[in-house]
Structure formats: C-alpha cells, structure tokens
Amino acid sequence: MSPPAADAARTPAADPAAAAAAAAAAAVTALPPTDRALFDAVTAGAGAVQRRAMAKTITLLESTRADHRARADALLDALLAASTGRPAGGAAQSFRLGISGVPGAGKSTFIEALGLHLLDGLAERGHRVAVLAVDPSSALSGGSILGDKTRMDKLAVHERAFIRPSPSAGNLGGVAEKTREAMLVCEAAGHDIVIVETVGVGQSETAVAGMTDMFVLLQLPNAGDDLQAIKRGITEIADLVVINKADLDEAAATRARAQITSALRLIGQQGHPAHARHDGSAWPPQVLEVSALKGTGLAAFWQAVERYRERALAGGALQQRRHAQDEAWMWERIDAGLRRRFRDSAAVRAALPGFTAQVRAGTLAASVAARRLLDLSG
Ligand SMILES: Nc1nc2c(ncn2[C@@H]2O[C@H](COP(=O)(O)OP(=O)(O)OP(=O)(O)O)[C@@H](O)[C@H]2O)c(=O)[nH]1
Ligand SMILES: [Mg+2]
C-alpha cells in the first residue's frame, strides 16, 4: 500500500495511465442518463441486450440530426476512452479485416464461413466477430445486400457475432465515416475481429483498405484471364488474394493462383511504392485457393492472416498503419467540416449564385472567385 503523500504526488502528468483512466471516467460520468444506460449495455458483455444497445448506438451515430450527432460524439468519446484503457491483449487489440471483390465473388458467403470457423471451429479462443459493410450503392438500392439475412443467416444469429448492413448515407465519404465509427462501437463492445465487406468497384476499396489492418481481395477462378485489371487492383492495396469458388474449376483456380502470384512477385521486385510498407515486415506475395461454399481453404486462410498479423505487429507496421489511418481520418473530417461550414455561411450562400454565374459566363476567373468566396466565409 502506498502512503497518502505518494498518492497525492501521482499527478496525471506523472502517470499517463492514471490520466487516461481519469479522462475515461470523466467522459462516462458526463453522459446523460439515457446514454449512460446505453454505454453500460454496450460494455456489459455479450448477449441480446448488448446487441440491441450496439445497434441503437450505431443508429444514433448514423443520424443526420445535430442533437443526435452531439450525443453520438459524447458516447463515442466514452466508448473509445473505455476501450483504449484496456490492457494489451484485450479488445483494444482488435484485428480489422477488409474483404473486397466484384459483385457475386462470394464475399458474404466467405465472411459467413470464416466467421463460423472463428467462432465454432476455433471456439477455444473465445473470438467475437463483427461484420460491417461499406456499400455506397445501398443508398440507391435501398438497402445493403448484407442486410439480406439469407446470405449470412447462420452468423447473424450467432451469440458472439454482430452484423450490421452498410449505412446508406448517400456518398462514399459519409458511408465510410459511419462504418469507421461503427467499428469503434464493436471494438468497445469486445469484438476482437471486425470484418468489413465492400463492393470491389471504384473508390470504396481504397476507403476500406484505409480503415483496416489487412485488405483481402476475392477473385474468381477465371481471374487470370484478365491479368491487367488484377495487377492494377492488387498493386494498390491488396495484402492477400483469395481465389474463391475453387470448387467450380480447380484447374482454372490453380492457373489463376500461379498467374497472380507471379504478377505480385514482379510488382514486389519493381518496388512498387504501395508495397513499401511490406518491406519492413517482409510480407511475401500470398495467393490462396478457397471454396467459401464448401468451407475448404478457410483454416489455411486464417493461418495466413495470423502470420501477417504477427509480422506486422512485431515490426511495428500495424501500429504505424493505424496511426497513419487515424491521422488521415482526422484530416478527412476536418476537410469535410470546413467544406460544410463554408457552404453553410450566410455570406457565401448569398454570393455563391452570382459568382457561379460569372465563372460559368467566363467573366470571372475561377481562382479569383474561389479566393473571394473563401474570404467571405472568413
Ligand atoms: N460454387 C461456389 N459458389 C459460391 C462460393 N462462394 C459463393 N458462392 C455463390 O456465389 C453467389 C454470390 O455469393 P455472395 O456471397 O452473395 O457474393 P458477394 O460477393 O457477397 O456478392 P455481393 O454482395 O452482391 O457483391 C451465391 O450464389 C453463392 O452461393 C464458392 O466457394 N463456390
Ligand atoms: Mg455480399
């Protein structure tokens, strides 16, 4: 036991852990009673009550109402403080896995099979799996394919799983932001494995690679036929490539694996800048064959993920990736906030139509108009 004098000397500055614990406690105490109850339920432990509380919290942060946003911010603050305060090896050490591939590649089937392998096949590890989605097209189609329970029905009812369809916030930036925040809620609730499904079209892949620890690209057995397209995709972001539906055509799957592996080697030798982060941890190109439908290759896949994770953790690459992602996220939000503030400014709104008309008519240089409008937003 330490004497009272020593306790008094433990100022927050002298003891960062104590300061963090105090900040966490303050963030929780500051919550209004309803949100305090929500916080307690989210952090209470697995079960139906927790699942409902997680869903409620995520709905709150997906809301566009200003008062909801303020409540969601306070809740997120408290949840983050609570989960970063956990000891190493706890839920703070979550693993974030991004899964992409063209529509119909088998992403949902793969995620369900992988989730069940983690929860039941490796039951002794006590994993908890959360599945989120980034699908900007869901705003148009009126709901994510992930929401279709027939695709992940077994995982959806598993007591240690949590599944949430893509927010339909309209644009990719909004959808990605909500998914990032939902990820924090899942981690605070104790889900140590967070899987994000994204459609492999356009920018959503890059957005999900930018919020996960590892990014996996699902390909079909005939992928080798269009090597140029694959090369472009892979060079940018994939940490691992999976040839799914290998059961359909094993010979084609093996051929695709060989072709993609050699393409990846070539890219590695050329020292593509996007792969520079792999150099420190010496992550070799990996291409695996899987059948999500039959469940073959899943154990090997997870072993590869664990090897990747161990290397990236030991070499510090994983921590660096997260720090860079958090910083990029902060700037993204600042940019979005500034833009919103600019557009909301009364002076800008009054002057915008006139300036726009002049720019379109060619009577005012775009750069001059931009400068004047920015000055107006002051
Ligand atoms: N033969 C075979 N079929 C598969 C395999 N994996 C998925 N499928 C089938 O492929 C179809 C599409 O699977 P999904 O899991 O919905 O694909 P997805 O990539 O999530 O599709 P979107 O969400 O629409 O982009 C379904 O009919 C699956 O049963 C597999 O390993 N082998
Ligand atoms: Mg799907």
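# Briefing: sheet, helix contacts and ligand shell

Seven strands make up an open sheet, ordered β3-β2-β4-β1-β5-β6-β7, with parallel pairing. The model is predicted. Besides the sheet, the points below cover a helix that lies across four strands, two helix-helix contacts and the 18 residues around ligand 1.

**The sheet**

- The sheet has β3 (161-163) and β7 (287-289) as its edge strands, and each of them pairs on one side only.
- On average, neighbouring strands of this sheet are turned by 20° against each other, with direction ignored.
- Edge strand β7 pairs with β6 (residues 240-243) in the parallel sense, over three bridges.
- Valine 241 has valine 287 of β7 as its bridge partner.

**A helix across the sheet**

- Helix α9 (residues 172-188) lies across four strands: β1 (95-101), β2 (129-134), β3 and β4 (193-199).
- Relative to β2, helix α9 runs at about 175°.

**Contact of α6 with α14**

- The axes of α6 and helix α14 (residues 298-314) cross at roughly 75° and come within 10 Å.
- Angles of 65 to 115 degrees count as roughly perpendicular, so α6 is roughly perpendicular to α14.
- On the α6 side the contact is made by Ala113, Leu114, His117 and Leu118, and on the α14 side by Leu298, Ala299 and Trp302.
- By class, six residues of this contact are nonpolar and one is polar, with no charged residues.

**Contact of α16 with α17**

- Helix α16 (residues 346-361) and helix α17 (residues 366-377) have axes that come within 10 Å and cross at roughly 175°.
- Angles over 145 degrees count as roughly antiparallel, so α16 is roughly antiparallel to α17.
- From α16, the residues in the contact are Ala347, Val348, Ala351, Leu352, Phe355, Gln358 and Val359.
- They meet Ala366, Ala369, Arg372, Leu373, Leu376 and Ser377 of α17.
- The contact of α16 with α17 has 10 nonpolar, two polar and one charged residues.

**Around ligand 1**

- Of the 18 residues around ligand 1, those that come nearest are Gly106, Lys107, Ser108, Thr109 and Leu293.
- Helix α6 (residues 107-121) supplies three residues, the largest share of the shell.
- Helix α6 thus appears in two places, in the shell around ligand 1 and in the contact with α14.
- By class, seven residues of the shell are nonpolar, seven are polar and four are charged.

Note on methods. Residues are numbered from 1 along each chain as its sequence is written. Chains are lettered from A and ligands numbered from 1 in the order in which they are written. This is a predicted model: local features need pLDDT of at least 70, side-chain atom pairs count only at pLDDT 80 or more; totals for chains, interfaces and linings use all residues. A residue is near a molecule or strand if its C-beta atom, placed from the backbone, lies within 6 Å of it. Ala, Val, Leu, Ile, Met, Phe, Trp, Tyr, Cys and Pro count as nonpolar, Asp, Glu, Lys and Arg as charged, and the others, Gly among them, as polar. Two strands pair if DSSP finds at least two bridges between them. Axes are lines fitted to C-alpha atoms, for helices over the stretch in contact, and angles run from 0 to 180 degrees between N-to-C directions. Two residues are in contact if their C-beta atoms, placed from the backbone, lie within 7 Å. Angles under 35 degrees count as roughly parallel, over 145 as roughly antiparallel, 65 to 115 as roughly perpendicular and the rest as oblique.
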